[in-house]
Amino acid sequence: MLGMSISAKQVVRTWWAAMAEALLEDCETSGDIAAKQAMWRADEADAYCGRCGASAGEGAATESGCPHCRGQSVAWDGVVRLDAYESPMDEWIRRMKFRRMWTWGPWFGRQLAMASGGRLRGGRTVVTGVPLHWRRRWSRGYDQAWLMAKAMGEAGGVPVSRLLERRRWTTSQSKLKSQHKRAANVKDAFAMKPVDLTGWTVWLVDDVKTTGSTLRQCVRLLKNAGAERVFVAVAAVADPKGSGFERS
Ligand SMILES: [Zn+2]
(Lines give C-alpha, C1' and ligand atoms only; values in the text may rest on other atoms or scores of the structure.)
Protein backbone atom coordinates (compact mmCIF):
# COMPACT_ATOMS: atom_id res chain seq x y z
CA MET A 1 0.00 0.00 0.00
CA LEU A 2 2.82 2.32 1.00
CA GLY A 3 4.60 1.70 -2.29
CA MET A 4 1.43 2.43 -4.21
CA SER A 5 0.72 5.70 -2.41
CA ILE A 6 4.29 6.89 -3.00
CA SER A 7 4.09 6.11 -6.65
CA ALA A 8 0.72 7.88 -6.87
CA LYS A 9 2.29 10.90 -5.20
CA GLN A 10 5.16 10.78 -7.64
CA VAL A 11 2.74 10.68 -10.53
CA VAL A 12 0.90 13.74 -9.23
CA ARG A 13 4.20 15.52 -8.58
CA THR A 14 5.46 14.76 -12.08
CA TRP A 15 2.16 15.92 -13.52
CA TRP A 16 2.32 19.20 -11.59
CA ALA A 17 5.92 19.74 -12.62
CA ALA A 18 5.00 19.16 -16.27
CA MET A 19 2.02 21.53 -16.00
CA ALA A 20 4.10 24.23 -14.30
CA GLU A 21 6.78 23.91 -16.96
CA ALA A 22 4.21 24.10 -19.74
CA LEU A 23 2.64 27.20 -18.18
CA LEU A 24 6.03 28.88 -17.77
CA GLU A 25 6.89 28.06 -21.34
CA ASP A 26 3.58 29.51 -22.53
CA CYS A 27 4.27 32.74 -20.61
CA GLU A 28 7.77 32.93 -22.03
CA THR A 29 6.79 32.25 -25.56
CA SER A 30 3.48 34.06 -25.97
CA GLY A 31 5.31 37.37 -26.12
CA ASP A 32 8.40 36.17 -27.95
CA ILE A 33 6.97 33.68 -30.35
CA ALA A 34 5.97 36.14 -33.07
CA ALA A 35 9.38 37.83 -32.86
CA LYS A 36 11.17 34.48 -33.11
CA GLN A 37 9.08 33.51 -36.11
CA ALA A 38 9.67 36.89 -37.76
CA MET A 39 13.46 36.53 -37.31
CA TRP A 40 13.53 33.04 -38.79
CA ARG A 41 13.85 32.25 -42.51
CA ALA A 42 13.01 28.96 -44.19
CA ASP A 43 15.82 27.34 -46.17
CA GLU A 44 16.09 28.36 -49.80
CA ALA A 45 15.65 25.42 -52.19
CA ASP A 46 19.40 25.40 -52.96
CA ALA A 47 20.36 24.90 -49.29
CA TYR A 48 19.35 21.25 -49.39
CA CYS A 49 18.93 18.30 -51.72
CA GLY A 50 15.48 18.32 -53.36
CA ARG A 51 15.71 14.54 -53.71
CA CYS A 52 16.44 13.42 -50.14
CA GLY A 53 16.18 16.66 -48.15
CA ALA A 54 19.71 16.54 -46.68
CA SER A 55 21.61 19.79 -46.22
CA ALA A 56 23.88 20.44 -49.16
CA GLY A 57 26.77 22.77 -49.73
CA GLU A 58 26.88 25.08 -52.70
CA GLY A 59 26.52 23.09 -55.91
CA ALA A 60 26.54 19.74 -54.05
CA ALA A 61 22.95 18.86 -54.94
CA THR A 62 21.79 18.51 -58.53
CA GLU A 63 18.79 16.96 -60.28
CA SER A 64 20.33 13.52 -59.67
CA GLY A 65 20.63 14.18 -55.93
CA CYS A 66 23.48 14.83 -53.52
CA PRO A 67 26.52 12.81 -52.36
CA HIS A 68 24.23 11.19 -49.77
CA CYS A 69 21.46 9.91 -52.07
CA ARG A 70 22.95 9.83 -55.57
CA GLY A 71 22.63 6.36 -57.08
CA GLN A 72 20.07 5.27 -54.45
CA SER A 73 16.41 4.96 -55.30
CA VAL A 74 13.93 7.17 -53.45
CA ALA A 75 10.22 6.41 -53.15
CA TRP A 76 8.99 10.01 -53.59
CA ASP A 77 9.36 12.61 -56.32
CA GLY A 78 10.83 15.40 -54.25
CA VAL A 79 11.31 16.75 -50.73
CA VAL A 80 10.47 20.23 -49.48
CA ARG A 81 11.74 21.17 -46.04
CA LEU A 82 11.79 24.30 -43.94
CA ASP A 83 15.03 23.71 -42.06
CA ALA A 84 17.53 21.17 -40.80
CA TYR A 85 16.58 19.47 -37.53
CA GLU A 86 18.72 21.75 -35.41
CA SER A 87 18.27 24.85 -33.27
CA PRO A 88 15.81 26.53 -33.18
CA MET A 89 13.66 24.23 -35.34
CA ASP A 90 14.26 21.09 -33.23
CA GLU A 91 12.99 22.87 -30.12
CA TRP A 92 9.94 24.26 -31.93
CA ILE A 93 9.04 20.78 -33.19
CA ARG A 94 9.47 19.24 -29.73
CA ARG A 95 7.18 21.92 -28.30
CA MET A 96 4.58 21.14 -30.95
CA LYS A 97 4.76 17.41 -30.26
CA PHE A 98 5.36 17.14 -26.55
CA ARG A 99 4.44 20.52 -24.96
CA ARG A 100 0.94 20.88 -26.32
CA MET A 101 1.95 23.93 -28.33
CA TRP A 102 -0.24 22.92 -31.25
CA THR A 103 -0.21 26.37 -32.91
CA TRP A 104 3.21 25.59 -34.38
CA GLY A 105 1.42 23.08 -36.66
CA PRO A 106 -0.60 25.56 -38.73
CA TRP A 107 2.37 27.91 -38.82
CA PHE A 108 4.65 25.20 -40.23
CA GLY A 109 1.92 24.29 -42.73
CA ARG A 110 1.68 27.85 -44.04
CA GLN A 111 5.47 28.05 -44.31
CA LEU A 112 5.51 24.79 -46.26
CA ALA A 113 2.93 26.15 -48.71
CA MET A 114 5.29 29.05 -49.39
CA ALA A 115 8.35 26.79 -49.59
CA SER A 116 6.68 24.50 -52.12
CA GLY A 117 6.54 27.30 -54.67
CA GLY A 118 4.30 26.88 -57.67
CA ARG A 119 4.29 23.10 -57.34
CA LEU A 120 1.45 23.04 -54.81
CA ARG A 121 -1.04 24.58 -57.22
CA GLY A 122 -2.86 22.98 -60.12
CA GLY A 123 -5.68 20.51 -60.60
CA ARG A 124 -5.76 16.98 -59.20
CA THR A 125 -3.47 17.89 -56.32
CA VAL A 126 -4.22 16.90 -52.73
CA VAL A 127 -2.44 17.35 -49.38
CA THR A 128 -2.40 14.64 -46.72
CA GLY A 129 -0.53 13.93 -43.50
CA VAL A 130 1.30 10.94 -42.04
CA PRO A 131 -1.40 9.69 -39.64
CA LEU A 132 -0.94 9.37 -35.91
CA HIS A 133 -2.26 6.34 -34.03
CA TRP A 134 -5.54 7.22 -32.32
CA ARG A 135 -4.03 6.52 -28.87
CA ARG A 136 -1.22 9.00 -29.42
CA ARG A 137 -3.62 11.52 -30.91
CA TRP A 138 -5.91 11.11 -27.92
CA SER A 139 -3.12 11.62 -25.38
CA ARG A 140 -1.63 14.58 -27.29
CA GLY A 141 -4.99 16.12 -28.09
CA TYR A 142 -4.20 16.65 -31.76
CA ASP A 143 -2.40 15.21 -34.76
CA GLN A 144 0.42 17.64 -35.56
CA ALA A 145 1.04 16.39 -39.13
CA TRP A 146 -2.66 16.81 -39.89
CA LEU A 147 -2.64 20.39 -38.51
CA MET A 148 0.33 21.12 -40.78
CA ALA A 149 -1.29 19.44 -43.81
CA LYS A 150 -4.57 21.30 -43.29
CA ALA A 151 -2.88 24.71 -43.11
CA MET A 152 -0.63 23.90 -46.06
CA GLY A 153 -3.59 22.91 -48.26
CA GLU A 154 -5.63 25.93 -47.21
CA ALA A 155 -2.74 28.32 -47.88
CA GLY A 156 -2.14 26.75 -51.30
CA GLY A 157 -5.83 26.53 -52.23
CA VAL A 158 -5.53 22.74 -52.55
CA PRO A 159 -7.88 20.11 -51.04
CA VAL A 160 -6.77 18.23 -47.95
CA SER A 161 -7.78 14.65 -47.26
CA ARG A 162 -7.00 11.91 -44.77
CA LEU A 163 -5.82 9.31 -47.28
CA LEU A 164 -3.92 7.03 -44.89
CA GLU A 165 -4.59 5.42 -41.56
CA ARG A 166 -2.53 3.72 -38.85
CA ARG A 167 -3.27 0.05 -38.66
CA ARG A 168 -1.40 -0.61 -35.46
CA TRP A 169 0.40 1.04 -32.56
CA THR A 170 4.14 1.51 -33.09
CA THR A 171 6.99 2.54 -30.81
CA SER A 172 7.98 6.16 -31.42
CA GLN A 173 10.58 6.19 -34.21
CA SER A 174 12.66 8.67 -32.20
CA LYS A 175 13.34 5.90 -29.67
CA LEU A 176 14.91 3.69 -32.34
CA LYS A 177 18.34 4.48 -33.66
CA SER A 178 19.10 2.19 -36.57
CA GLN A 179 17.49 2.47 -39.98
CA HIS A 180 16.82 -1.28 -39.90
CA LYS A 181 14.86 -1.05 -36.60
CA ARG A 182 12.93 1.98 -37.79
CA ALA A 183 11.96 0.27 -41.04
CA ALA A 184 10.83 -2.88 -39.17
CA ASN A 185 8.87 -0.77 -36.68
CA VAL A 186 6.66 0.86 -39.33
CA LYS A 187 6.38 -2.11 -41.72
CA ASP A 188 2.66 -2.64 -42.44
CA ALA A 189 1.81 0.02 -39.84
CA PHE A 190 -0.21 2.04 -42.36
CA ALA A 191 -3.11 1.37 -44.69
CA MET A 192 -4.63 3.28 -47.56
CA LYS A 193 -8.24 4.47 -47.46
CA PRO A 194 -10.23 3.02 -50.38
CA VAL A 195 -9.60 5.83 -52.87
CA ASP A 196 -8.35 5.91 -56.44
CA LEU A 197 -5.50 8.41 -56.84
CA THR A 198 -4.87 7.79 -60.54
CA GLY A 199 -3.50 10.96 -62.07
CA TRP A 200 -3.24 12.78 -58.74
CA THR A 201 -0.27 14.56 -57.23
CA VAL A 202 -0.07 14.07 -53.47
CA TRP A 203 1.79 16.22 -50.93
CA LEU A 204 2.58 14.06 -47.91
CA VAL A 205 3.23 16.11 -44.76
CA ASP A 206 5.13 15.13 -41.62
CA ASP A 207 7.05 16.96 -38.89
CA VAL A 208 10.53 15.42 -39.22
CA LYS A 209 12.22 13.23 -41.80
CA THR A 210 15.00 11.15 -40.25
CA THR A 211 15.75 7.87 -42.04
CA GLY A 212 12.62 8.25 -44.20
CA SER A 213 11.25 4.80 -43.22
CA THR A 214 7.80 6.12 -42.24
CA LEU A 215 7.51 8.34 -45.31
CA ARG A 216 8.65 5.50 -47.58
CA GLN A 217 5.87 3.22 -46.31
CA CYS A 218 3.26 5.93 -46.85
CA VAL A 219 4.54 6.92 -50.31
CA ARG A 220 4.43 3.30 -51.48
CA LEU A 221 0.77 3.01 -50.44
CA LEU A 222 -0.12 6.29 -52.16
CA LYS A 223 1.64 5.20 -55.37
CA ASN A 224 -0.01 1.76 -55.25
CA ALA A 225 -3.34 3.62 -55.10
CA GLY A 226 -2.42 5.30 -58.38
CA ALA A 227 -0.77 8.58 -57.32
CA GLU A 228 1.22 9.94 -60.23
CA ARG A 229 3.61 11.91 -58.07
CA VAL A 230 4.16 12.18 -54.33
CA PHE A 231 6.06 15.10 -52.81
CA VAL A 232 7.20 14.99 -49.21
CA ALA A 233 6.83 18.20 -47.15
CA VAL A 234 8.43 18.29 -43.71
CA ALA A 235 9.25 20.98 -41.18
CA ALA A 236 12.75 19.58 -40.72
CA VAL A 237 15.17 16.98 -41.99
CA ALA A 238 17.63 15.34 -39.62
CA ASP A 239 20.83 15.27 -41.64
CA PRO A 240 22.16 11.80 -42.27
CA LYS A 241 25.27 10.60 -40.47
CA GLY A 242 28.41 11.12 -42.48
CA SER A 243 26.95 13.97 -44.53
CA GLY A 244 29.16 16.44 -42.70
CA PHE A 245 26.06 18.40 -41.72
CA GLU A 246 24.72 16.37 -38.83
CA ARG A 247 24.77 17.80 -35.33
CA SER A 248 27.52 16.53 -33.11
ZN1 LIG B 1 20.19 13.93 -51.58
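What percentage of the 248 residues in the chain do buried residues make up? In this predicted model, buried residues account for 37% of the chain's 248 residues.

**Figure 1. Overview of the chain and of the confidence in its prediction.** The chain contains seven helices and six strands, and, when these are read along the sequence, they follow the pattern α-β-α-α-β-α-α-β-α-β-β-α-β. Among the contacts in the chain with a separation of 6 or more, 74% are between residues 24 or more positions apart in the sequence. The mean pLDDT of the chain is 86, and 84% of its residues reach 70 or more. Confidence is lowest in helix α1, residues 2–39, where the mean is 65, whereas it is highest in strand β2, residues 125–129, where it stands at 98.

**Figure 2. Close-up of the packing of helix α3 against helix α5.** Helix α3, which covers residues 104–115, packs with helix α5, which covers residues 144–156, at an angle of about 45°, and their axes are 7 Å apart. An angle counts as oblique when it is not under 35 degrees, not over 145 and not within 65 to 115, and α3 and α5 are therefore oblique to each other. The crossing of α3 and α5 is right-handed. On the side of α3, the contact is made by G105, P106, F108, G109, R110, L112 and A113, and on the side of α5 by Q144, L147, M148, A149, K150, A151, M152, A155 and G156. Sorted by character, the residues of this contact between α3 and α5 comprise 10 nonpolar, four polar and two charged.

**Figure 3. Close-up of the crossing of helix α6 and helix α7.** The axes of helix α6, residues 179–186, and helix α7, residues 213–224, come within 8 Å and cross at roughly 40°. The helices α6 and α7 are therefore oblique to each other, and their crossing is right-handed. In this view, Q179, R182, A183 and V186 of α6 meet S213, T214 and Q217 of α7. The residues in this contact of α6 with α7 divide into two nonpolar, four polar and one charged.

**Figure 4. Close-up of F98 and R140.** F98 has its place in helix α2, which covers residues 89–98. Is F98 buried or exposed? A residue counts as exposed if 12 or fewer other C-beta atoms lie within 10 Å of its own, and F98, with 11 such atoms within 10 Å, is therefore exposed. Although F98 and R140 are 42 residues apart in sequence, they are 7.5 Å apart in space, from C-alpha to C-alpha.

**Figure 5. Close-up views of backbone features in three loops.** Most residues other than glycine have a negative phi, and most peptide bonds are trans. The peptide bond from S87 to P88, however, is cis, with omega near 0°, and P88 is found in the loop between β1, residues 78–84, and α2. R124, which is not a glycine, has a positive phi of about 50°, and its place is in the loop between α3 and β2. With 14 other C-beta atoms within 10 Å, R124 is partly exposed. A positive phi, near 60°, is also found at D188, a residue other than glycine, which lies in the loop between α6 and β4, residues 190–192. D188 is exposed, because 9 other C-beta atoms lie within 10 Å.

How values were computed
Residues numbered from 1 in each chain as written. Predicted model: local features only at pLDDT ≥ 70, side-chain atom pairs only at ≥ 80, totals over all residues. Axes fitted to C-alpha atoms, helices over the stretch in contact; angles between N-to-C directions. Helix = DSSP H or I, 4+ residues; strand = E, 2+ residues; numbered from the N terminus. Left-handed = near helix turned anticlockwise from the far one by under 90°. Contact = placed C-beta atoms within 7 Å. Nonpolar A, V, L, I, M, F, W, Y, C, P; charged D, E, K, R; others polar. pLDDT = per-residue confidence, 0-100. Buried ≥ 20, exposed ≤ 12 C-beta atoms within 10 Å, placed from the backbone.
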